[in-house]
Amino acid sequence: MRADRHEAVLDFLLEAIADKGTTPFPADVLAGLRRVVRCEAVGYWEWSAQALLAFSLAADEPELILPVWDVYPQVRQDDPLAGGAPNGSPLPNREWLGRALLISDFISDREFRRRALYAEVCKPLGVRAVMKVFLPTGGAIGASLVFDTTRTRFTETDRLTLQRLIPHLAQLRRNAQARRTYQALIDSTAAARMRLLRLSPRERVVLARAALGETNTAIAQALFVSPGTVRKHLEHIYDKLEVRGRTEAAAIYAQERVVIASTGSDPQERADACRTGLRPDASEGISQTSSV
């Protein structure tokens, strides 16, 4: 690898690792990848069977490219590297995953220029060669990077350089996904905590024991009250948490502890533990038992 390309690879990786967003491959990160592969445009797509989940584009004039790309669904059948598999699955063919592939690997340049894909999309943009990478996602989601060039072809150096980057590209996507999942977890945990603050101290104690799977009778014996009192507490808990029953209430109680478990118990949790006589981490063993 030539020194200038090696430097471009290092610059791209440093910029990409520094990005802390929750979107895989934003335009500024793709701009660095564009310098590595040396192309006119590089786009990132992520999709499920139902919808496009993420899209970004790096190009000199993206506002001119996007209207042309809008035609792609109409000529998709002409693309030998279309995102979905021939069997109707939204996922690409498994043998494509983690490989730098060219349209010219599947059809000749002459055949490519005969197709509507070229006439309607590539020719208007001056694109003469296309290279794609389908990233492994480990789920029912497709993810691809698409490189367009106005040069006659991508060189083997372009392909080899991109191939060496693919493990890093897959990890960068996983990192963004993890940040997105963790942020969603934080948000949902905060929402759960706000709902739990509606409960009185005694209702939190009852909920903590109910979340562990204790019956109304067992809770009543532990708290020296009648089963009817426990039942009434649970009814109030369901109303305050806006849930329909024991299982949903227990889920909210457990949700609050997902993040707490990774950082240590908070004062409220220790107070609950003192009132219930339970260990602070006992909620990990939640089971579903009879409801009121």
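A residue counts as exposed when its relative accessible area is over 50%, and as buried when that area is under 20%. By this criterion F224, at 76% relative accessibility, is exposed. The structure is a predicted model. Its five strands form an open sheet with antiparallel pairing, and its largest nonpolar core has 31 residues. The points below cover the sheet, the core, the helix packing and selected single residues.

**Sheet**

- The strand order in the open sheet is β2-β1-β5-β4-β3, and the pairing is antiparallel.
- The edge positions are taken by β2 and β3; each has a single partner strand, so one side of each lacks a neighbour in the sheet.
- From one strand to the next, the twist averages 20°.
- Strand β1, residues 41–47, pairs with strand β2, residues 52–59, in the antiparallel sense over seven bridges.
- The connection from β1 to β2 is a hairpin of four residues.
- Within this pairing, W45 has F55 of β2 as its bridge partner, and E46 has A54 of β2 as its bridge partner.
- Helix α2 packs on the sheet, where it touches β1, β2, β4 and β5; the direction of α2 makes about 55° with that of β2.
- Helix α3 also packs on the sheet, touching β1, β2 and β5; the direction of α3 makes about 135° with that of β2.

**Nonpolar core**

- In the largest nonpolar core, of 31 residues, those with the most contacts inside it are F12, F25, L33, L135, L145, F147 and L169.
- At least two residues of this core come from each of the helices α1 (3–18), α2 (27–37) and α7 (156–196); the strands β1, β2, β3 (100–102), β4 (129–134) and β5 (142–149) each supply at least two as well.
- Apart from its neighbours within four places in sequence, F12 is in contact with V29, G32, L33, V36, L165, L169 and L172.
- In α2, the buried residues are V29, L30, G32, L33, R34, V36 and V37. Among them, V29, G32, L33 and V36 are also contacts of F12.
- An α-helix has 3.6 residues a turn, so residues three or four places apart point the same way.

**Helix packing**

- The axes of α3, residues 62–69, and α6, residues 116–125, come within 9 Å and cross at roughly 170°. Angles over 145 degrees count as roughly antiparallel, and α3 and α6 are therefore roughly antiparallel to each other.
- On the α3 side, this contact is made by L64, I65, V68 and W69; on the α6 side, by E120, V121, P124 and L125.
- By class, the contact of α3 with α6 has seven nonpolar residues, no polar residues and one charged residue.
- Helix α8, residues 201–211, packs with α10 at an angle of about 95°, and their axes are 10 Å apart. This angle makes α8 roughly perpendicular to α10.
- In α8, R202, E203, V206, L207 and A210 meet V230, H233, L234, H236, I237, K240 and L241 of α10.
- By class, the contact of α8 with α10 has seven nonpolar, two polar and three charged residues.

**Backbone and single residues**

- Most residues other than glycine have a negative phi.
- R38, which follows α2, has a positive phi near 65°.
- F224 is not a glycine, yet its phi is positive, near 60°. F224 lies in the loop between α9 (216–223) and α10 (227–241).
- E242, likewise not a glycine, has a positive phi of about 60°. The loop that holds E242 runs between α10 and α11 (246–263), and E242 is exposed, with a relative accessible area of 58%.
- S188 is located in helix α7. With 31% relative accessibility, S188 counts as partly exposed.
- S188 and I252 are 64 residues apart along the chain, and their C-alpha atoms are separated by 9.4 Å.

Methods. Residues are numbered from 1 along each chain as its sequence is written. This is a predicted model: local features need pLDDT of at least 70, side-chain atom pairs count only at pLDDT 80 or more; totals for chains, interfaces and linings use all residues. Side-chain values use heavy atoms; hydrogens and water are left out. Two strands pair if DSSP finds at least two bridges between them. A nonpolar core is a set of buried Ala, Val, Leu, Ile, Met, Phe, Trp, Tyr and Cys residues joined through side-chain atoms within 4.5 Å. Buried means under 20% relative accessible area, exposed over 50%, partly exposed in between (1.4 Å probe, protein chains only). Contact means heavy atoms within 4.5 Å. Axes are lines fitted to C-alpha atoms, for helices over the stretch in contact, and angles run from 0 to 180 degrees between N-to-C directions. Angles under 35 degrees count as roughly parallel, over 145 as roughly antiparallel, 65 to 115 as roughly perpendicular and the rest as oblique. Ala, Val, Leu, Ile, Met, Phe, Trp, Tyr, Cys and Pro count as nonpolar, Asp, Glu, Lys and Arg as charged, and the others, Gly among them, as polar.
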